[in-house]
Amino acid sequence: WVARLQHVFCAYLSISVVYSYNIDLEHPLVFRGPNSSFFGYSVLEHYHDNTRWVIVGAPKANSTYSSSVHSPGAVYKCRVHSNPERRCTEMDLGRGQSPRPASCGKTCQGDRDDEWMGVSLARQDRANGNILACAHRWKNIYYDSEHILPHGYCSIIPPTLQGRTKPLIPCYEDYKQKYGEEHGSCQAGIAGVFTEELVVMGAPGSYYWTGTIKVYNLTSDSFYSPNKEDVDSHRYSYLGYAVTAGHFSSPNVIDIAAGAPQHSGSGKVYIFKIDGVSLVKSFQASGRMMGSYFGSSLCAVDLNQDGLSDLLVGAPMHSQLRDEGQVSVYLSKGNGVMEEEGVLSGDNAFNAHFGECISAIGDIDDDGYQDVAIGAPKEDDYGGAVYIYHGDAKGIISKYSMKLSGRSVNPGLQMFGQSISGNVDMDGNGYADVTIGAFMSDSVVMLRTRPVITVDISIFLPVSINISVPQCHEGLQNINCFNVTVCMRFRGRQLPGQIELLYNLTADVDKRQKSQPSRVYFTQSGSQISQISQQISLDFNREECQRYTAYVKKDVKDVFTAITFEVAYSLGKHVLSGDQERDLPALTPVLRWRKGNKIAARNETWFEKNCLSDDCAADLRLHGKLLLHSKPHLALGGVKNVSLNLTISNAGDDAYDTNIYFHFSREVFYINFWQKEEKGISCGLVDLDFLKCSVGFPFMRYHFAVIFDTSQLSGQNDTLQFFIQAKSANPEHNLSDNSLDLSIPLVHETDTTITGVVTPSSFVYGNYIDASRFVQLEDMECNFQPLNLTFQAINKGPSRLPGSTVDIRIPNRLVGSGADMFHIIETQVDGRGNCTPHRNPTLCTVPQDRESIFHSIFAFFSKSGRKVLDCDRPGRACMTISCSLGPQLKEEALSIDIKLLVNTEIIKRDSSSVIQFVTRGSVQVNDRAVEVPNGLPEDISLVFEALHSQEPKGYVVGWIIAISLLVGILIFLLLAVLLWKMGFFRRRYREIIEAEKNRKDSDESWDWMEKNH
């Protein structure tokens, strides 16, 4: 039953939103006129005795009473009651059938062809008032041979709509015959207004379309006109294009307002007071936009019921994109002082021409203030719309209560809202109705207003709630509760004796609207609910009350904000009583519009608080630190999470609804919180970078920790920052200790190392090495040995390395002042990075001095062993290649490939058999990173050797052989001479040999005797 009731309540709310306020769109009365007659260009609600009429102007119609006149226009009357076919009949204005021009003065002959009778209509402001109908294109053709004078013509029609009419030609003067000058082309009656004794007619064509207004006093039978010095004499200003009358200066005095929409291109409006037979300017206002047609429509109405008429001025071509239109509101302060209240713009629709027509429609909702209808006839592609605005004590409510769309009334309507009339109760239900013209479809629509119900609702609550003293029981538990009483009555005019009201009573509605849990609840069938739906029958002006019990939830955190109860209501179904007319059925009432606000009543109560100070001020204090392992920084990638250890204390009155807010980087993720003891703390993410921890109860000191995941930190920021703030619902005088700003430097902590390889690791050079084994550059005599050096810079983590520099040093000269041996062909960095270019200014250096034979022979015999070229040795000339590397992930390696050439012509000059080149590479991280202590080495040395071929030159070999033979011969001769000098060649060698032989024989005989002994 409750669900069904809620469904019905929502359905009625949706219907009220669709159909808006109290102008009924379900039962329109549509009157139609002759095709292409502009039927509906002007409309007027009229009543006489008990008969209600809709008077309609059709300025392009043919007249049945003047059939010989070409399209003079006509005025139609449409009976509201007892007219089921919605027929309209032309009114006989008594102007005759004669085809010849009628005499209207000494020098006046009228021409009614295309005179546009019915271009404007006005009703005398009194009971059984007369009607003014005008034809602004009526012409005086007395001076046809020289000028046709479009003076304009008006008729005063009796309230019975029958009988003799009174003609008015306010611009005619005897013997005035020039077109344009003075009133020769005044076109009086394009706009008109009818007060109790004044007929006001606009004449925009006078004085070469400077314009003026003609005011006719019925009592004195005299005309008034503005003082010329009071009106700016700008031609084509069109003063009088729109006119109105009201009590602008005093409640007892009638003043005249007139618009000049072309004045200076932006438009102008004047208010004149009557002084004798003259109109004296008391106020003027100008438009703010060129071409807006400010002043083309006017409406005098007392919006705030202060007895003075206020003024609405239309500017239907005011544009933001194109001709949306707007209406300026001026409030009267008396004595001609008008203050601009603001502007109205409807829906600001494209090409709507909002403000083309403005009409006072009376108090349609019985709130004591006059209301206004504003037409936007070109809105919705010429379908048209009318907006309803309401007056109030401050002037006018800027939000419209209802938008009447022409297409919603009838899809065939066009220019709906070009003309509007109201302020007459047409159906007898006590409320003024509204009639709207749609002349492009030759139609007029009368819309009736529905009675308005004012519901007075009172919600009675305790002044405060003491949650420390439970008043109710729920099982074995004591809980807090209090009574909620809702009382209702309804009132208004022309209402049924009884209505059915559907309502929702919502507890703690502000919390509910914020999607927060309610602090109080009702019970229904054993369930806790925060909203009760009810249906009640009310008798007219009789109060009915309902009592409910509300319960306070346990552990309420917020005890400072008010507990608001709301009763939202709508009308249920009810049967209309009384006689039901066949053609005008009674309309169902509606609830009073609440100026665009929700149809609901509210009241609030508060929790009692136990406070020592007058303002119940708390004194929160927040302390905390980031918990890390001894390091003064956070290593990106190496630390997976951090802990914020916090202590919150309160040295003041009990703090309620205390919350701690954490703001942090979106690269950090909240994991959980930890509390030493269960204290009722709860934490939850409000956003990715915003954490809220609630401390629900009055407290003295709490300790807890919040843990965050830091594994996804990118390192774009230099520090990780946490801004922490504590707040409560209490006022607080010292906020300096309520917040913390904790930060820690973010460091890329890496262990970088470098490896490398050189190919080939050795090579042979020399004069007799085949030249094809070397590289020869174009147009150069030198032979070059190619070498490839490859280094790899490796990040072993734990952090991502934002960047590094690799320096490679290559020994480049044999001696400090010698030529450069190496030529860099290409350096490539695999991935992200670049190396400094290096250019050898002496790429090909060939020794030019000729060596002597003896020098060559000496060099061959004096060649040394090994020479070491190392950049770490002092005085050694080296070439340095510096490479900047981009970011590296953990375990990522970046390669540097260097292709270079060794000039063998230079190293041939060295006498060493082996030249050993020691190339050194080192890697260094940039300023945003630090190296892990005691990590891998950041340096490397690569060694390659140049082996000198030992084979001498050919001519050197020949010379060595020749010199060797010569030296041998000389040595032999020298030995021979020495032996000769020593007598070697003079000794008796034969005797010596014989003696030696005999001695040996003797020795052998002695040896035999010893053996036989």
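Throughout these legends, buried means under 20% relative accessible area, exposed means over 50%, and partly exposed lies in between. Every view is drawn from a predicted model.

**View 1. A disulfide joins C134 to C154.** Let's start with this pair, whose sulfur atoms are 2.0 Å apart. The torsion about the S-S bond is 105 degrees, and the link of C134 and C154 is right-handed. The pair links distant parts of the chain: C134 belongs to strand β9 (residues 131-135) and C154 to strand β11 (residues 153-157), with their positions 20 residues apart in sequence. Is C134 buried or exposed? C134 has a relative accessible area of 0%, so it is buried. C154 is buried too, at 0% relative accessibility. For the wider setting, the structure has nine disulfides in total.

**View 2. C683 and C693 form a disulfide.** Here the distance from S to S is 2.0 Å. A torsion of about 110 degrees around the S-S bond makes the disulfide of C683 and C693 right-handed. C683 sits in strand β51 (residues 681-687) and C693 in strand β52 (residues 690-695), so this pair ties together parts that lie ten residues apart in sequence. C693 is buried, its relative accessible area being 0%.

**View 3. C871 is joined to C878 by a disulfide.** The two sulfur atoms of this pair are 1.9 Å apart. Which way does the link of C871 and C878 turn, left-handed or right-handed? With -120 degrees about the S-S bond, this link is left-handed. The two cysteines can also be told apart by their accessibility: C871 is buried at 9%, whereas C878 is partly exposed at 29%.

**View 4. C299 is a cysteine in no disulfide.** Its nearest cysteine sulfur belongs to C357 and is 8.7 Å away. Why does the sulfur of C357 not bond to that of C299? A disulfide needs two cysteine sulfur atoms within 2.5 Å. The closest cysteine sulfur to that of C357 is in C299, and at 8.7 Å it is too far for a bond. C299 is buried, with 4% relative accessibility. C357 has 11% relative accessibility, and because buried means under 20%, C357 counts as buried as well.

**View 5. The largest cavity has a volume of about 100 Å³.** This cavity is lined by 16 residues, of which S63, E90, M91, L93 and R112 are the closest to its centre. What classes make up the lining of the largest cavity? There are six nonpolar, five polar and five charged residues. R112 is worth a second look here, as it forms a salt bridge with E115, with 3.4 Å between the closest N and O atoms. Both partners are buried: R112 has a relative accessible area of 15%, and E115 has 0%.

**View 6. The second largest cavity has a volume of about 60 Å³.** The structure has two cavities of 30 Å³ or more. The lining of this one is made of S286, G287, R288, S292, F294, A315, H318, Q326, S328 and Y330. Which strand gives the most to this lining? Strand β23 (residues 326-334) does, with three residues. By class, the residues that line the second largest cavity are three nonpolar, six polar and one charged.

**View 7. D870 and R920 form a salt bridge.** The closest N and O atoms of this pair are 2.9 Å apart. The pair links distant parts of the chain, with D870 in strand β61 (residues 864-870) and R920 in strand β64 (residues 912-925), 50 residues apart. D870 is buried, with 8% relative accessible area. In sequence numbering, readers will find D870 right beside the disulfide cysteine C871 of View 3.

**View 8. R621 forms a salt bridge with D619.** In this pair the closest N and O atoms are 3.1 Å apart. R621 is partly exposed, at 34% relative accessibility, whereas D619 is buried, with a relative accessible area of 16%.

**View 9. D510, E566, K598 and R602 are linked in a network of salt bridges.** This last view shows those four residues together. How many salt bridges does the whole structure have? A search of the whole structure finds 28.

Note on methods: Residues numbered from 1 in each chain as written. Predicted model: local features only at pLDDT ≥ 70, side-chain atom pairs only at ≥ 80, totals over all residues. Heavy atoms only, no water. Helix = DSSP H or I, 4+ residues; strand = E, 2+ residues; numbered from the N terminus. Buried < 20%, exposed > 50% of the residue type's maximum accessible area, 1.4 Å probe, protein only. 1 Å grid on protein atoms, 1.4 Å probe; cavity = no way out; pocket = protein on both sides within 12 Å on 5 of 7 lines; lining within 4 Å. Points joined across faces, edges and corners; volume = space filled by probe spheres on them. Nonpolar A, V, L, I, M, F, W, Y, C, P; charged D, E, K, R; others polar. Salt bridge = Lys/Arg side-chain N within 4 Å of Asp/Glu carboxyl O.
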